[in-house]
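Reader: I am new to this structure and should be grateful for a close look at one part of it. Would you kindly describe the ligand and its surroundings, after a brief word on where the chain begins?

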Amino acid sequence: MSAFDIRPLTRWTGAEIFGPDLTGPIGEELAAALRDALASWQVIFLPDQHLDIPAQKRLTQVFGPLERCPYVVPMDDEPDVIAVLKEAGEVNVGVFGGDWHSDFSFLPVPPLGSVLNAVEVPPFGGDTLWANQVAALDALSADLRAEIDGRDAIHIGKPYGVSHAPKEEERSGGSIRMVRDDPQADREMPHPAIRIDPVSGKPALNFNPTYALRLSGRTEAESAPILDAIQRHTTRPEFCVRHRWRAGTVAVWNNYTTMHYAVNDYDGHRRLMYRTTFGIADDRQTSPS
Ligand code: SIN
């Protein structure tokens, strides 16, 4: 294996990895070290890689099988890859992922994680934040924990459905194409409010402002103050890492233990990232037993 230097970025969340060359085939020893690093840090950053799409797909498959995302239109000739693009001319529009979320938590089995490959970055802004939901659960107050223990969080594909669709001016716009107004996305999907990370077996909070609608056994109105309090807690800066992108950096995150947020503060500049997604490799457990 090539030299492998891990530099943690915060106490709980995020580490940079220097040394490995990911442009060619990835041997089993390196693959295992990358999986271990992700399991420890929940999001890893690999600078100066400049991966082409075949190399990005190989890296993705180190963590799980390639998975195609519903509702987001992939690249024409690469059905496993989403081009997360905002053009310089797109101003005052939302961006893809521009609010706290874990990916597709309204699906019966959400994806395990994603790889984001920075191709073209703006001269300022365009950072991404991740918030560690294992750390957030560990620090949750006993009162809030009692409100959610044993309950499901009901998730729904609000940005893609009809009944909870965001206002036109709040929608992610422009270069990245999404399928909207699909009644299928309005299907309510219960998931444990505390879910188990299939990688580490650790419990993590499973709420996000983008998709979580209410708690099981409670109405939306009854759930609202609890969800507000939990969502304020889950994104406390102590649980977060904020990444300043450079072209060539690749990030990999665990979608069961983190939420993320793409910061929309670079109007007038182009930003292009290639995103691939991986699923759960086997029948690993995702609910508390
Ligand atoms: C996303 O996958 O939610 C987008 C992240 C980003 O563009 O920084």
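**The first hairpin and the ligand site**

Author: In this predicted model, strand S1 (residues 5–8) and strand S2 (residues 15–18) run antiparallel and are joined by 4 bridges. One of the pairings links Pro 8 with Ala 15 of S2. The two strands, S1 and S2, make a hairpin with 6 residues between them, and Gly 14, in the turn, has a positive phi of about 90°.

I turn now to the ligand. The ligand sits in the largest cavity. The residues around the ligand are Val 84, Phe 96, Gly 97, His 101, Leu 116, Thr 128, Trp 253, His 260, Ala 262, Arg 271 and Arg 275. By character, this shell comprises 5 nonpolar, 4 polar and 2 charged residues. Strand S14 (258–262) and strand S15 (271–278) each contribute at least two residues to the shell.

Several side chains of the shell place polar atoms beside oxygen atoms of the ligand. For Arg 275, a polar side-chain atom lies 2.7 Å from a ligand oxygen. The side chain of His 260 has an N or O atom 3.1 Å from an oxygen atom of the ligand. For His 101, the corresponding separation between a side-chain N or O atom and a ligand oxygen is 3.2 Å. Taken alone, the ligand would expose 260 Å², and the protein buries 100% of that area.

Note on methods:
Residues are numbered from 1 along each chain as its sequence is written. This is a predicted model: local features need pLDDT of at least 70, side-chain atom pairs count only at pLDDT 80 or more; totals for chains, interfaces and linings use all residues. Side-chain values use heavy atoms; hydrogens and water are left out. A residue is near a molecule or strand if one of its heavy atoms lies within 4 Å of it. A polar contact is a pair of N or O atoms within 3.5 Å; within protein, one must be able to donate a hydrogen and the other to accept it, and residues adjacent in sequence count only if both atoms are side-chain atoms. Accessible areas come from the Shrake-Rupley method with a 1.4 Å probe; for residues, only the protein chains shown count as cover. On a 1 Å grid over the protein atoms alone, a cavity is a set of points where a 1.4 Å probe fits but cannot get out, and a pocket is an open set with protein on both sides within 12 Å along at least five of seven lines; lining residues have an atom within 4 Å of a point. A molecule sits in a cavity or pocket if more than half of its atoms lie within 2 Å of its grid points. Ala, Val, Leu, Ile, Met, Phe, Trp, Tyr, Cys and Pro count as nonpolar, Asp, Glu, Lys and Arg as charged, and the others, Gly among them, as polar. Two strands pair if DSSP finds at least two bridges between them.
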